[in-house]
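I opened this notebook to record what I looked up in the structure, one topic to an entry. The sequence and the model come before the entries.

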Amino acid sequence: MKGDRVEIVIDAGDTSRTYEVAATRAGRRVEISNRRGGVVEVSEVTRSGTAVRTARFMSSRVLALVEHPAEGGPDD
């Protein structure tokens, strides 16, 4: 679904930073996973499950993960 995106807000010491990972083409989606060792991984994945882009963040620094699903669903 084109339009899936996730905003990640990170504690950068004296300020916070916002990063965004978005599905850039139709048929792709964004997945979030917690990895071993305190790492949050946000990946753009194809229909077949192959990761195209991946962003990794230390979970102790993540302040918020905001998911924005694609407009409309399969019933629309």
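Before the first entry I set down the cut-off I used for burial: a residue counts as buried when its relative accessible area is under 20%, as exposed when it is over 50%, and as partly exposed in between. I also note at the outset that this is a predicted model.

**Entry: Thr46**

I began with Thr46 and looked up whether it is buried or exposed. Thr46 has a relative accessibility of 18%, and because buried means under 20%, Thr46 counts as buried. I found Thr46 in the loop between strand 4 and strand 5, where its side chain makes a polar contact of 3.1 Å with the side chain of Ser48. When I left aside the neighbours within four places in sequence, the residues in contact with Thr46 were Gly27, Arg28, Arg29 and Val52.

**Entry: the chain as a whole**

I then stepped back to the overall layout, and I noted 6 strands and 0 helices, which read along the sequence as β-β-β-β-β-β. Of the 76 residues in the chain, 28% are buried. For the surface I wrote down an accessible area of about 5,300 Å², with 45% of it belonging to carbon and sulfur atoms. I also looked at contacts between residues at least 6 apart in sequence, and 38% of these join residues at least 24 apart.

**Entry: strand 4 and its partners**

Next I followed strand 4, which is mostly covered, with 6 of its 7 residues buried. On one pairing, strand 4 runs antiparallel to strand 3 (residues 29–35), and 7 bridges join the two. In this pairing I saw Arg35 standing opposite Val39 of strand 4. The hairpin of strand 3 and strand 4 has 3 residues between the strands, and Gly37 in that hairpin takes a positive phi near 90°.

Strand 4 also pairs with strand 5, again in the antiparallel sense and over 7 bridges. Here the hairpin has 5 residues between the strands, and I noted that Gly49 takes a positive phi near 100°.

**Entry: Glu41**

Which residues does Glu41 touch, once those up to four places away in sequence are not counted? I listed Glu31, Ile32, Ser33, Arg35, Thr54, Ala55 and Arg56. Glu41 lies in strand 4, which covers residues 39–45, and I recorded it as buried because its relative accessible area is 10%. The side chain of Glu41 is joined to that of Arg56 by a polar contact of 2.9 Å.

**Entry: the nonpolar core**

I looked up which residues make up the largest nonpolar core, and I found 11 of them: Val6, Ile8, Ile10, Val21, Ala23, Val30, Val40, Val42, Ala55, Phe57 and Val62. The elements that give two or more residues to this core are strand 1 (5–11), strand 4 and strand 5 (51–58). Strand 1 supplies the largest share, 3 residues. As a reminder while reading the strands, I noted that in a regular strand the side chains alternate between the two faces of the sheet.

From the core I picked out Ala55, which is in contact with Val21, Val40, Glu41 and Val42 when its neighbours within four places in sequence are left aside.

**Entry: salt bridges**

My search of the whole structure gave 8 salt bridges, and I followed a few of them. Arg53 forms one with Glu44, the closest N and O atoms being 2.9 Å apart, and I noted that Glu44 also stands opposite Arg53 of strand 5 in the strand pairing. I compared the cover of the two partners: Glu44 counts as buried because its relative accessibility is 1%, whereas Arg53, at 38%, counts as partly exposed.

I then turned to Arg5, whose side chain meets that of Glu7 in a salt bridge of 3.4 Å, N to O. Arg5 also forms a salt bridge with Glu20, with the closest N and O atoms 3.1 Å apart. This second pair links distant parts of the chain, since Glu20 is in strand 2 (residues 16–22) and Arg5 is in strand 1, 15 residues apart. Arg5 is partly exposed at 28% relative accessibility, and Glu20 is likewise partly exposed, with a relative accessible area of 47%. I closed the entry by noting that salt bridges with shared partners join Arg5, Glu7 and Glu20 into one network.

Notes:
Residues are numbered from 1 along each chain as its sequence is written. This is a predicted model: local features need pLDDT of at least 70, side-chain atom pairs count only at pLDDT 80 or more; totals for chains, interfaces and linings use all residues. Side-chain values use heavy atoms; hydrogens and water are left out. Helices (H or I, at least four residues) and strands (E, at least two) are DSSP runs, numbered from the N terminus. Buried means under 20% relative accessible area, exposed over 50%, partly exposed in between (1.4 Å probe, protein chains only). A polar contact is a pair of N or O atoms within 3.5 Å; within protein, one must be able to donate a hydrogen and the other to accept it, and residues adjacent in sequence count only if both atoms are side-chain atoms. Contact means heavy atoms within 4.5 Å. A nonpolar core is a set of buried Ala, Val, Leu, Ile, Met, Phe, Trp, Tyr and Cys residues joined through side-chain atoms within 4.5 Å. A salt bridge is a side-chain nitrogen of Lys or Arg within 4 Å of a carboxyl oxygen of Asp or Glu. Two strands pair if DSSP finds at least two bridges between them. Accessible areas come from the Shrake-Rupley method with a 1.4 Å probe; for residues, only the protein chains shown count as cover.
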